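Reader: I am new to this structure and would like a close look at one part of it. Please take the aromatic rings and describe how they pair.

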Amino acid sequence: MKRILLAVAAVFFLSSPLPAWDAAGHQVIARIAWDNLTPAARQKAVALLRSAPPDADLANLSADGRELFLKASTWPDIVRDKAFPAREAKYHHGSWHYTNFFWEQPADGPPRDRPDLKPAAENAVERLGELDAALKDPGRSDAERAVDLAWLLHLAGDIHQPLHASARVTPEEPEGDRGGNLFLLAPKDDDNLHWYWDSILVRRHPREGMDEARYVEKWAERIERREPRERFAGRLEPGRYEEWAREGFATTKRMVYPRSLQRGVEPSWFYKRKAFRTARPALALAGYRLADLLNRRLG
(Lines give C-alpha, C1' and ligand atoms only; values in the text may rest on other atoms or scores of the structure.)
Protein backbone atom coordinates (compact mmCIF):
# COMPACT_ATOMS: atom_id res chain seq x y z
CA MET A 1 0.00 0.00 0.00
CA LYS A 2 2.84 2.41 0.84
CA ARG A 3 4.40 1.90 -2.59
CA ILE A 4 1.03 2.40 -4.28
CA LEU A 5 0.47 5.68 -2.45
CA LEU A 6 3.95 6.89 -3.36
CA ALA A 7 3.32 5.99 -6.99
CA VAL A 8 0.04 7.90 -7.01
CA ALA A 9 1.73 10.91 -5.42
CA ALA A 10 4.53 10.76 -7.98
CA VAL A 11 2.07 10.77 -10.87
CA PHE A 12 0.20 13.72 -9.33
CA PHE A 13 3.28 15.86 -8.80
CA LEU A 14 5.00 14.93 -12.05
CA SER A 15 1.93 16.19 -13.92
CA SER A 16 1.67 19.37 -11.84
CA PRO A 17 4.02 22.38 -11.78
CA LEU A 18 6.12 22.79 -8.67
CA PRO A 19 4.95 25.58 -6.38
CA ALA A 20 7.29 28.22 -5.00
CA TRP A 21 7.23 30.59 -2.02
CA ASP A 22 3.55 31.45 -1.76
CA ALA A 23 2.29 34.88 -2.82
CA ALA A 24 2.89 36.38 0.62
CA GLY A 25 6.47 35.09 0.76
CA HIS A 26 7.37 36.38 -2.69
CA GLN A 27 5.84 39.78 -2.01
CA VAL A 28 7.65 40.10 1.32
CA ILE A 29 10.94 39.46 -0.49
CA ALA A 30 10.01 41.98 -3.18
CA ARG A 31 9.04 44.56 -0.55
CA ILE A 32 12.38 44.13 1.23
CA ALA A 33 14.08 44.62 -2.13
CA TRP A 34 11.94 47.70 -2.87
CA ASP A 35 12.89 49.25 0.46
CA ASN A 36 16.57 48.89 -0.51
CA LEU A 37 16.39 50.09 -4.12
CA THR A 38 17.70 53.45 -5.25
CA PRO A 39 15.06 55.89 -6.57
CA ALA A 40 16.47 55.43 -10.08
CA ALA A 41 16.21 51.64 -9.90
CA ARG A 42 12.63 51.85 -8.61
CA GLN A 43 11.62 54.19 -11.42
CA LYS A 44 13.24 52.06 -14.11
CA ALA A 45 11.82 48.80 -12.73
CA VAL A 46 8.26 50.15 -12.69
CA ALA A 47 8.64 51.64 -16.18
CA LEU A 48 9.86 48.30 -17.52
CA LEU A 49 7.04 46.33 -15.92
CA ARG A 50 4.51 48.72 -17.43
CA SER A 51 6.02 47.96 -20.84
CA ALA A 52 5.17 44.24 -20.65
CA PRO A 53 3.40 42.62 -23.62
CA PRO A 54 -0.41 42.84 -23.33
CA ASP A 55 -0.82 39.06 -23.60
CA ALA A 56 1.38 38.59 -20.52
CA ASP A 57 -1.23 40.20 -18.23
CA LEU A 58 1.68 41.62 -16.24
CA ALA A 59 1.42 45.39 -16.54
CA ASN A 60 -2.22 45.40 -15.43
CA LEU A 61 -1.54 43.68 -12.08
CA SER A 62 -1.69 47.13 -10.46
CA ALA A 63 -1.71 50.82 -11.38
CA ASP A 64 0.42 51.65 -8.33
CA GLY A 65 4.14 51.35 -9.04
CA ARG A 66 5.23 49.73 -5.78
CA GLU A 67 2.29 47.34 -5.77
CA LEU A 68 3.01 46.41 -9.39
CA PHE A 69 6.61 45.61 -8.42
CA LEU A 70 5.45 43.41 -5.54
CA LYS A 71 2.78 41.60 -7.52
CA ALA A 72 5.14 41.07 -10.46
CA SER A 73 7.17 38.82 -8.18
CA THR A 74 4.21 36.40 -8.21
CA TRP A 75 3.54 36.63 -11.96
CA PRO A 76 5.49 33.47 -12.93
CA ASP A 77 3.10 31.54 -10.67
CA ILE A 78 0.05 33.34 -12.04
CA VAL A 79 0.85 32.22 -15.60
CA ARG A 80 0.69 28.57 -14.54
CA ASP A 81 -3.09 28.87 -14.73
CA LYS A 82 -4.31 26.44 -17.38
CA ALA A 83 -7.58 28.38 -17.66
CA PHE A 84 -5.57 30.69 -19.96
CA PRO A 85 -3.87 28.15 -22.26
CA ALA A 86 -2.25 30.59 -24.69
CA ARG A 87 -0.66 32.58 -21.89
CA GLU A 88 0.39 29.43 -20.04
CA ALA A 89 1.99 27.95 -23.16
CA LYS A 90 3.95 31.11 -23.91
CA TYR A 91 5.08 32.26 -20.49
CA HIS A 92 5.06 29.32 -18.06
CA HIS A 93 8.34 27.41 -17.61
CA GLY A 94 8.11 24.80 -14.89
CA SER A 95 11.78 23.84 -14.65
CA TRP A 96 12.86 27.46 -14.20
CA HIS A 97 11.58 27.57 -10.63
CA TYR A 98 14.14 25.24 -9.08
CA THR A 99 17.41 23.41 -9.52
CA ASN A 100 18.04 19.90 -8.27
CA PHE A 101 21.15 18.98 -6.32
CA PHE A 102 20.69 15.30 -5.57
CA TRP A 103 21.66 13.62 -2.32
CA GLU A 104 20.81 10.71 -0.07
CA GLN A 105 20.60 10.18 3.67
CA PRO A 106 22.09 6.84 4.75
CA ALA A 107 20.63 5.34 7.90
CA ASP A 108 24.06 5.02 9.50
CA GLY A 109 25.96 8.05 8.26
CA PRO A 110 25.95 11.69 7.20
CA PRO A 111 24.18 12.96 4.05
CA ARG A 112 25.90 12.01 0.82
CA ASP A 113 25.74 13.93 -2.47
CA ARG A 114 24.75 12.16 -5.69
CA PRO A 115 26.65 13.96 -8.48
CA ASP A 116 25.72 11.16 -10.88
CA LEU A 117 22.22 12.70 -11.05
CA LYS A 118 22.01 16.06 -12.81
CA PRO A 119 19.52 18.97 -12.77
CA ALA A 120 17.49 19.88 -15.83
CA ALA A 121 19.33 21.90 -18.48
CA GLU A 122 17.03 24.85 -17.82
CA ASN A 123 16.87 25.51 -14.09
CA ALA A 124 16.74 28.39 -11.63
CA VAL A 125 20.51 28.85 -11.42
CA GLU A 126 21.02 28.76 -15.17
CA ARG A 127 18.01 31.05 -15.76
CA LEU A 128 19.13 33.65 -13.22
CA GLY A 129 22.38 34.01 -15.10
CA GLU A 130 20.61 34.31 -18.45
CA LEU A 131 17.97 36.73 -17.17
CA ASP A 132 20.59 38.91 -15.50
CA ALA A 133 22.41 39.18 -18.83
CA ALA A 134 19.15 39.80 -20.71
CA LEU A 135 18.07 42.59 -18.37
CA LYS A 136 21.16 44.65 -19.21
CA ASP A 137 21.13 43.79 -22.94
CA PRO A 138 20.40 47.00 -24.90
CA GLY A 139 19.37 44.89 -27.88
CA ARG A 140 16.26 43.61 -26.11
CA SER A 141 13.04 45.59 -26.18
CA ASP A 142 11.49 46.99 -23.02
CA ALA A 143 8.61 44.52 -23.45
CA GLU A 144 11.04 41.59 -23.43
CA ARG A 145 12.97 43.01 -20.50
CA ALA A 146 9.74 43.45 -18.55
CA VAL A 147 9.21 39.70 -18.67
CA ASP A 148 12.89 39.15 -17.83
CA LEU A 149 12.49 41.39 -14.78
CA ALA A 150 9.36 39.61 -13.53
CA TRP A 151 11.17 36.29 -13.73
CA LEU A 152 14.19 37.74 -11.91
CA LEU A 153 11.96 39.05 -9.12
CA HIS A 154 10.49 35.59 -8.76
CA LEU A 155 13.53 33.36 -9.12
CA ALA A 156 15.67 35.44 -6.77
CA GLY A 157 13.10 34.44 -4.18
CA ASP A 158 12.69 30.83 -5.24
CA ILE A 159 16.39 30.07 -5.03
CA HIS A 160 16.38 30.97 -1.32
CA GLN A 161 13.73 28.40 -0.42
CA PRO A 162 15.92 25.44 0.58
CA LEU A 163 13.81 22.79 -1.11
CA HIS A 164 14.10 24.58 -4.46
CA ALA A 165 17.67 23.29 -4.59
CA SER A 166 17.19 19.76 -3.29
CA ALA A 167 16.12 16.33 -4.51
CA ARG A 168 16.55 13.69 -1.82
CA VAL A 169 17.06 10.18 -3.21
CA THR A 170 15.48 7.26 -1.36
CA PRO A 171 14.74 3.62 -2.30
CA GLU A 172 11.15 4.67 -3.02
CA GLU A 173 12.26 7.79 -4.93
CA PRO A 174 15.39 6.83 -6.89
CA GLU A 175 15.15 10.01 -9.01
CA GLY A 176 14.65 12.27 -6.00
CA ASP A 177 11.63 13.48 -4.05
CA ARG A 178 11.08 16.62 -6.17
CA GLY A 179 12.15 19.02 -3.48
CA GLY A 180 9.99 17.39 -0.84
CA ASN A 181 6.85 17.36 -2.99
CA LEU A 182 6.68 13.58 -2.60
CA PHE A 183 7.19 13.75 1.16
CA LEU A 184 3.57 13.85 2.33
CA LEU A 185 3.05 15.31 5.79
CA ALA A 186 -0.55 14.33 6.38
CA PRO A 187 -2.97 11.78 4.90
CA LYS A 188 -4.17 14.20 2.22
CA ASP A 189 -2.73 15.00 -1.20
CA ASP A 190 -2.26 18.74 -0.85
CA ASP A 191 0.12 18.94 2.11
CA ASN A 192 3.73 17.99 1.71
CA LEU A 193 7.14 19.12 2.90
CA HIS A 194 7.75 21.41 -0.06
CA TRP A 195 4.48 23.27 0.36
CA TYR A 196 5.09 23.49 4.10
CA TRP A 197 8.28 25.47 3.47
CA ASP A 198 6.72 27.53 0.66
CA SER A 199 3.94 28.72 2.95
CA ILE A 200 5.94 28.84 6.15
CA LEU A 201 5.38 32.53 6.89
CA VAL A 202 1.58 32.35 6.76
CA ARG A 203 1.56 29.01 8.57
CA ARG A 204 3.62 30.40 11.44
CA HIS A 205 1.86 33.77 11.49
CA PRO A 206 -1.66 33.57 9.96
CA ARG A 207 -3.20 36.72 8.53
CA GLU A 208 -6.18 36.60 10.91
CA GLY A 209 -8.31 38.90 8.75
CA MET A 210 -5.48 41.23 7.70
CA ASP A 211 -5.54 42.11 3.98
CA GLU A 212 -2.62 40.97 1.83
CA ALA A 213 -1.02 44.40 1.34
CA ARG A 214 -0.93 45.20 5.04
CA TYR A 215 0.29 41.71 5.92
CA VAL A 216 3.18 41.97 3.42
CA GLU A 217 4.13 45.44 4.68
CA LYS A 218 4.03 44.31 8.30
CA TRP A 219 6.21 41.27 7.78
CA ALA A 220 8.70 42.95 5.49
CA GLU A 221 9.22 45.59 8.18
CA ARG A 222 9.52 42.99 10.95
CA ILE A 223 12.00 40.88 9.02
CA GLU A 224 14.11 43.90 8.10
CA ARG A 225 14.27 44.88 11.78
CA ARG A 226 15.17 41.38 12.93
CA GLU A 227 17.51 40.69 10.02
CA PRO A 228 19.06 44.07 9.07
CA ARG A 229 20.94 44.46 5.82
CA GLU A 230 24.21 45.20 7.60
CA ARG A 231 24.23 41.65 8.93
CA PHE A 232 24.45 40.32 5.36
CA ALA A 233 26.88 42.87 3.94
CA GLY A 234 29.53 40.24 3.25
CA ARG A 235 27.09 37.67 1.85
CA LEU A 236 25.46 39.41 -1.11
CA GLU A 237 27.74 37.58 -3.60
CA PRO A 238 26.41 39.32 -6.73
CA GLY A 239 26.03 37.05 -9.72
CA ARG A 240 27.06 33.88 -7.87
CA TYR A 241 23.71 32.19 -8.36
CA GLU A 242 24.90 28.64 -7.87
CA GLU A 243 26.36 29.65 -4.51
CA TRP A 244 22.97 31.13 -3.57
CA ALA A 245 21.32 27.81 -4.38
CA ARG A 246 23.94 25.72 -2.62
CA GLU A 247 23.33 27.62 0.61
CA GLY A 248 19.77 26.31 0.58
CA PHE A 249 20.99 22.86 -0.41
CA ALA A 250 23.28 22.82 2.63
CA THR A 251 20.38 23.92 4.82
CA THR A 252 18.23 21.10 3.46
CA LYS A 253 20.81 18.44 4.26
CA ARG A 254 21.49 19.92 7.68
CA MET A 255 18.01 20.40 9.11
CA VAL A 256 15.02 20.03 6.76
CA TYR A 257 14.82 16.21 7.07
CA PRO A 258 15.57 15.35 10.70
CA ARG A 259 15.00 11.71 11.59
CA SER A 260 12.14 12.84 13.82
CA LEU A 261 10.18 14.07 10.77
CA GLN A 262 7.79 11.33 9.67
CA ARG A 263 5.74 10.91 6.51
CA GLY A 264 2.03 11.41 6.99
CA VAL A 265 2.52 13.22 10.31
CA GLU A 266 2.31 16.91 11.12
CA PRO A 267 5.73 18.37 12.02
CA SER A 268 6.41 18.91 15.70
CA TRP A 269 6.23 22.30 17.39
CA PHE A 270 10.03 22.25 17.71
CA TYR A 271 10.44 21.59 13.97
CA LYS A 272 8.02 24.40 13.08
CA ARG A 273 9.85 26.90 15.26
CA LYS A 274 13.26 25.94 13.92
CA ALA A 275 12.02 25.99 10.32
CA PHE A 276 10.66 29.53 10.65
CA ARG A 277 13.85 30.74 12.31
CA THR A 278 15.72 29.29 9.33
CA ALA A 279 13.37 30.77 6.74
CA ARG A 280 13.32 34.30 8.17
CA PRO A 281 16.96 35.20 7.36
CA ALA A 282 16.58 33.46 3.98
CA LEU A 283 13.66 35.76 3.13
CA ALA A 284 15.72 38.78 4.20
CA LEU A 285 18.82 37.75 2.28
CA ALA A 286 16.74 37.10 -0.85
CA GLY A 287 15.37 40.65 -0.66
CA TYR A 288 18.76 42.25 -0.07
CA ARG A 289 20.39 40.28 -2.87
CA LEU A 290 17.56 41.17 -5.24
CA ALA A 291 17.92 44.86 -4.40
CA ASP A 292 21.68 44.69 -4.96
CA LEU A 293 21.15 43.02 -8.34
CA LEU A 294 18.58 45.57 -9.52
CA ASN A 295 20.57 48.55 -8.27
CA ARG A 296 23.49 47.31 -10.35
CA ARG A 297 21.37 46.73 -13.46
CA LEU A 298 18.85 49.55 -13.25
CA GLY A 299 20.16 52.06 -10.74
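Author: A good place to start is W75, which counts as buried at 0% relative accessibility, because the cut-off for buried is under 20%. The model is a predicted one. Y91 also counts as buried, at 6% relative accessibility.

The structure holds 10 aromatic pairs. In one of them, the ring centres of W75 and Y91 are 5.5 Å apart and the planes stand at 65°, so this pair is edge-to-face. W75 belongs to helix α5 and Y91 to helix α6 (residues 85-91); the pair links distant parts of the chain, 16 residues apart.

Another pair is formed by F101 and F249, with ring centres 5.3 Å apart and planes at 45°, so the pair is tilted. Here too distant parts of the chain are linked: F101 is in strand β1 (residues 101-104) and F249 in helix α12 (residues 241-256), 148 residues apart. F101 and F249 are both buried.

Ring pairs also join W103, F183 and Y257 into a cluster.

Aromatic rings also take part in contacts with charged groups. The charged end of R127 sits over the ring of W96, 4.9 Å from the ring centre. R222 lies over the face of W219, with 4.9 Å to the ring centre.

Helix α5 (75-78), where W75 is found, is also one of the elements against which the buried residues of α4 pack. In α4 (residues 65-72), the buried residues are G65, L68, F69, L70 and A72.

Note on methods
Residues are numbered from 1 along each chain as its sequence is written. This is a predicted model: local features need pLDDT of at least 70, side-chain atom pairs count only at pLDDT 80 or more; totals for chains, interfaces and linings use all residues. Side-chain values use heavy atoms; hydrogens and water are left out. Buried means under 20% relative accessible area, exposed over 50%, partly exposed in between (1.4 Å probe, protein chains only). Helices (H or I, at least four residues) and strands (E, at least two) are DSSP runs, numbered from the N terminus. Contact means heavy atoms within 4.5 Å. Rings of Phe, Tyr and Trp (its six-membered ring) pair if their centres lie within 6.5 Å; planes under 30 degrees apart count as stacked, over 60 as edge-to-face and the rest as tilted. A charge sits over a ring if NZ of Lys or CZ of Arg is within 6 Å of the ring centre and within 35 degrees of the ring normal.
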